[in-house]
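Me: I would like to learn how strands, sheets and helix contacts are read from a model, one feature at a time. Please give me the general idea before each case.

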Amino acid sequence: MTAHARGHRARRALVAALGCALAACSKDPPAPSSSAPSSSAPSSSAPSSSAPSSADAKLAFVVEGRPARELTLAELRREIPTETLTVFDPYYKKPKTFRALRFAEVLRVGFEGAKGTADAGGAPSELLLRAKDGYTVPLRPPLSTEPGAYLAYEDVEVPGWEPIGPQRANPAPFYLVWREPGQQNLETHPRPWQLATIERASFERTFPHTVPTGAPPGSLAVVGFGLFRDRCVRCHAINREGGRVGPELNVPKNVLEYRTVAEVKTYIRDPLSLRYGNMPPHPDLREADLDALVGYLEVMKARKFDPDGQPKKP
């Protein structure tokens, strides 16, 4: 599996790791989202393309696949006070100063009046953050409501934004950052850039064909699905559902149909031992984690769904 996700996002992409292990990732590993192993860095979809000006910046809000509203940066700023914050950024590897909006306020304004957008307590629950290149980051409670998240829209130090990640992408129009020192781990607090859409949705309802339906509770397949959902789908897809930065892992061929289990595990853990590429190593993954991911992929071989596949000739 190869993780095209943005720079360090691939680190979070455990699944990206799988993806890279199974196929070659063309983009940078995600810096920050749910694929196989750990896909944590956002992929740089448009490394050298110019990003839209702040005046043109728009953010779409979606509820269970239905568009709720679309707001420009100017509209968001009229409702939400801008804050200037200086924080250490793990992608830039140094302190950076941004102009940003509190993420909780962005959610409040963006989903205001939309039905089905809040849990019993009134706060948005499970979220899917989508970047322009297809990088997809699930945020589930309590992370989706954790204080300290901001939506940065301007780099104070570098006009037009300092390029980010190995592919030198422009983070505009929006870049999710975290304020607190304990929120600087890309594995636990993803930072998608080029953010274009925020969706309030159930993961299983949005990506139903990634679920190992019928697998016994507590089985390797179910545990592996949890890893895929939380760390791999950011870059990779199963049955054409999920991230679009890294390779698809199940159709038309499941990665285990053209890579051995040993190769997949080795590539996830130490990709440079097999080939040069953007896939980062994942030494933090335990053998049990790798077994679970492989168990999930094994089960999904018998659960293929390919809406883009060519119909078989009689």
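Reply: What follows goes through two sheets, a helix that packs on them, a buried residue and a pair of helices.

Me: What kind of model is this, and how are the residues numbered?

Reply: This is a predicted model, in which local features need pLDDT of at least 70 and side-chain atom pairs count only at pLDDT 80 or more, while totals for chains, interfaces and linings use all residues. Residues are numbered from 1 along each chain as its sequence is written, and side-chain values use heavy atoms, with hydrogens and water left out.

Me: Which strands form the open sheet with mixed pairing, and in what order?

Reply: Strands (E, at least two residues) and helices (H or I, at least four) are DSSP runs numbered from the N terminus, and two strands pair if DSSP finds at least two bridges between them. Here 5 strands form an open sheet in the order β3-β2-β10-β6-β7, with mixed pairing. At the edges stand β3 (66-72) and β7, each with a single partner strand, so one side of each has no neighbour in the sheet. On average, and with direction ignored, neighbouring strands of this sheet are turned by 20 degrees against each other; such angles are taken between axes, which are lines fitted to C-alpha atoms, for helices over the stretch in contact, and they run from 0 to 180 degrees between N-to-C directions.

Me: How many bridges join β6 to β7 and to β10?

Reply: Strand β6 (residues 127-131) is joined to β7 (residues 136-139) by 4 bridges, and the two run antiparallel; in this pairing Leu129 stands opposite Val137 and Arg130 stands opposite Thr136. The hairpin of β6 and β7 has 4 residues between the strands, and Gly134 takes a positive phi near 100 degrees there. Between β6 and β10 (residues 195-200), also antiparallel, there are 5 bridges, with Leu127 opposite Arg200 and Ala131 partnered by Leu195.

Me: Are the residues of β6 buried or exposed?

Reply: Buried means under 20% relative accessible area, exposed means over 50%, and partly exposed lies in between, with a 1.4 Å probe and protein chains only. In β6, 5 of its 5 residues are buried: Leu127, Leu129 and Ala131 point one way, and Leu128 and Arg130 the other way. Both faces of β7 are covered as well, with Thr136 and Pro138 buried on one side and Val137 and Leu139 on the other.

Me: Which strands make up the open sheet with antiparallel pairing?

Reply: In that sheet 4 strands follow the order β4-β5-β8-β9. Its edge strands are β4 (83-89) and β9 (175-178), each pairing on one side only, and its neighbouring strands are turned by 55 degrees against each other on average, direction ignored. Strand β8 (residues 149-155) pairs with β9 over 4 bridges in the antiparallel sense, and Ala149 stands opposite Trp178. Helix α4 packs on this sheet, touching β5 (94-102), β8 and β9, and its direction makes about 30 degrees with that of β5.

Me: Where is Leu76 found, and which residues does Leu76 touch?

Reply: Leu76 is found in helix α3 (residues 73-79) and is buried, with a relative accessible area of 0%. Contact means heavy atoms within 4.5 Å, and, not counting residues up to four places away in sequence, Leu76 touches Leu59, Leu71, Leu101, Val109 and Phe174. Leu76 and Lys58 are 18 residues apart in sequence and 9.3 Å apart in space, C-alpha to C-alpha.

Me: How do the axes of α7 and α8 cross?

Reply: Angles under 35 degrees count as roughly parallel, over 145 as roughly antiparallel, 65 to 115 as roughly perpendicular, and the rest as oblique. The axes of α7 (residues 261-269) and α8 (residues 287-300) come within 11 Å and cross at roughly 130 degrees, and the two helices are therefore oblique to each other. In their contact, Val261, Lys265, Ile268 and Arg269 in α7 meet residues of α8 including Leu290, Asp291 and Val294.
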